Amino acid sequence: MSFCCGASMMGTKGTLKHYRTQVHNVPLLLCPVCHRVEVHHRVENEYEILAEYAHGDGASQVDFQDYVMEDEDAIFENVVNRESEDPLTVVQSQIDISLDLLAVAKWMQDEKWQGELKRRLAVMSQRRLRLQKQP
């Protein structure tokens with residue numbers, strides 16, 4: 001599992017730009033709170049090599065899946081949620097994890113961590129309310 005802002009990052013696939021080259025279908029980790037994106041650690045080296053070669057060849061676009069044959073289920077086996085899941089389910093899962101962590105932070109008497117968790121919970125609660133209001 002990877003964390004950002006203390007939240008569990010979600011697994012997804014997306015497009016990244018490396019100089020002038022767009023690399024499609026890259027396994028990514030996405031923070032549901034601050035929306036930070038990073039290449040999944042299991043394919044980070046492969047991404048860097050492919051992106052450099054594609055850029056060097058002057059390719060404007062390349063599909064990661066055409067060159068790297070990693071099993072998607074194996075790549076994302078350690079993530080809590082995937083972006084393809086129901087958004088309300090993802091948000092509720094993130095809230096549950098944050099509440100568990102808040103209990104630990106209180107037990108440790110870590111005021112800074114408690115504050116970060118409370119801010120994250122506020123963001124996720126607002127997102128849950130917006131999702132619940134959608135038809």
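Select Leu16 to begin: this residue sits in strand S3. The model on your screen is a predicted one. Show the surroundings of Leu16 and look past the residues up to four places away in sequence. You will find Leu16 touching Thr21, Gln22, Val23, Val26, Leu28, Val37, Val39 and Tyr47. Pick out Tyr47 in that list: the residue lies 31 places along the chain from Leu16, and the two C-alpha atoms are separated by 9.8 Å.

**Along strand S3**

Stay in the strand and move to Gly11, since S3 covers residues 10–18. Is Gly11 buried or exposed? Gly11 is buried, because its relative accessible area is 2%, and the cut-off for buried is under 20%. Now display what surrounds this glycine. Leaving out residues up to four places away in sequence, Gly11 touches Leu28, Leu29, Phe76, Val79, Asn81, Arg82 and Glu83. Draw a distance from Gly11 to Leu28: they are 17 residues apart along the chain, with C-alpha atoms separated by 5.9 Å.

**Two residues with positive phi**

Next, select Tyr19, in the loop between S3 and S4. Its phi is near 55°, a positive value in a residue other than glycine. Tyr19 counts as exposed because its relative accessibility is 58%, and exposed means over 50%.

Then go on to Asn25, which belongs to strand S4. Here too phi is positive in a residue other than glycine, near 60°. How accessible is Asn25? Its relative accessible area is 26%, so Asn25 is partly exposed.

**Into the core**

Now for the inside of the protein. Select Val23, Val26, Val39, Tyr47 and Phe64 together: in the largest nonpolar core, which has 26 residues, these five touch the most other members. Colour strand S4 (21–30) and helices H1, H4 and H5, each of which supplies at least two residues of this core. Both domain 1 (3–76) and domain 2 (87–132) contribute, with at least three residues from each.

Zoom in on Val23. Neighbours within four places in sequence aside, Val23 is in contact with Gly14, Thr15, Leu16, Tyr47, Leu50, Ala51, Val62 and Phe64. Leu16, your starting point, is on that list.

**A buried histidine**

Select His40, in the loop between strand S5 (37–39) and helix H1 (44–56). Why does His40 count as buried? Its relative accessible area is 0%, and buried means under 20%. Show its partners as well: among those more than four places away in sequence, His40 touches Pro27, Leu28, Leu29, Ile75, Phe76 and Asn78.

**Two helices**

Select residues 87–108 to light up helix H4, with 22 residues. From the first C-alpha to the last, H4 reaches 31 Å, close to the 32 Å expected at 1.5 Å a residue. Colour its buried residues: Val90, Val91, Ser93, Gln94, Ile95, Ser98, Leu102 and Ala105. As you look at how they are arranged, keep a general point in mind: an α-helix has 3.6 residues a turn, so residues three or four places apart point the same way.

Right after H4 comes Gln109, whose phi is positive, near 60°. Then look at Asp110, at the start of H5: one of its side-chain oxygens reaches to within 3.3 Å of the backbone nitrogen of Lys112.

Helix H5 itself runs over residues 111–133. Its 23 residues should span 33 Å at 1.5 Å a residue, and its end C-alpha atoms are 33 Å apart, which agrees. The buried residues to colour here are Gln114, Leu117, Arg120, Leu121, Met124 and Arg127.

**Zoom out**

Finally, bring the whole chain into view. It has 5 helices and 6 strands, in the order β-β-β-β-β-α-β-α-α-α-α along the sequence. Of its 135 residues, 36% count as buried. Along the principal axes, the C-alpha trace spans about 55 × 40 × 25 Å.

Colour the two domains separately: their centres, taken over C-alpha atoms, are 27 Å apart, and 8 residues of domain 1 are in contact with 8 residues of domain 2.

As a last stop, colour by confidence. The average pLDDT is 85, and 95% of the residues score at least 70. Confidence is lowest in strand S1 (residues 3–4), at a mean of 68, and highest in strand S6 (residues 61–63), at 93.

Note on methods: Residues are numbered from 1 along each chain as its sequence is written. This is a predicted model: local features need pLDDT of at least 70, side-chain atom pairs count only at pLDDT 80 or more; totals for chains, interfaces and linings use all residues. Side-chain values use heavy atoms; hydrogens and water are left out. Helices (H or I, at least four residues) and strands (E, at least two) are DSSP runs, numbered from the N terminus. The expected span of a helix is 1.5 Å times one less than its number of residues. Buried means under 20% relative accessible area, exposed over 50%, partly exposed in between (1.4 Å probe, protein chains only). Contact means heavy atoms within 4.5 Å. A polar contact is a pair of N or O atoms within 3.5 Å; within protein, one must be able to donate a hydrogen and the other to accept it, and residues adjacent in sequence count only if both atoms are side-chain atoms. A nonpolar core is a set of buried Ala, Val, Leu, Ile, Met, Phe, Trp, Tyr and Cys residues joined through side-chain atoms within 4.5 Å. Domain bounds come from an automatic or database domain assignment. pLDDT is the predictor's confidence in each residue, from 0 to 100.
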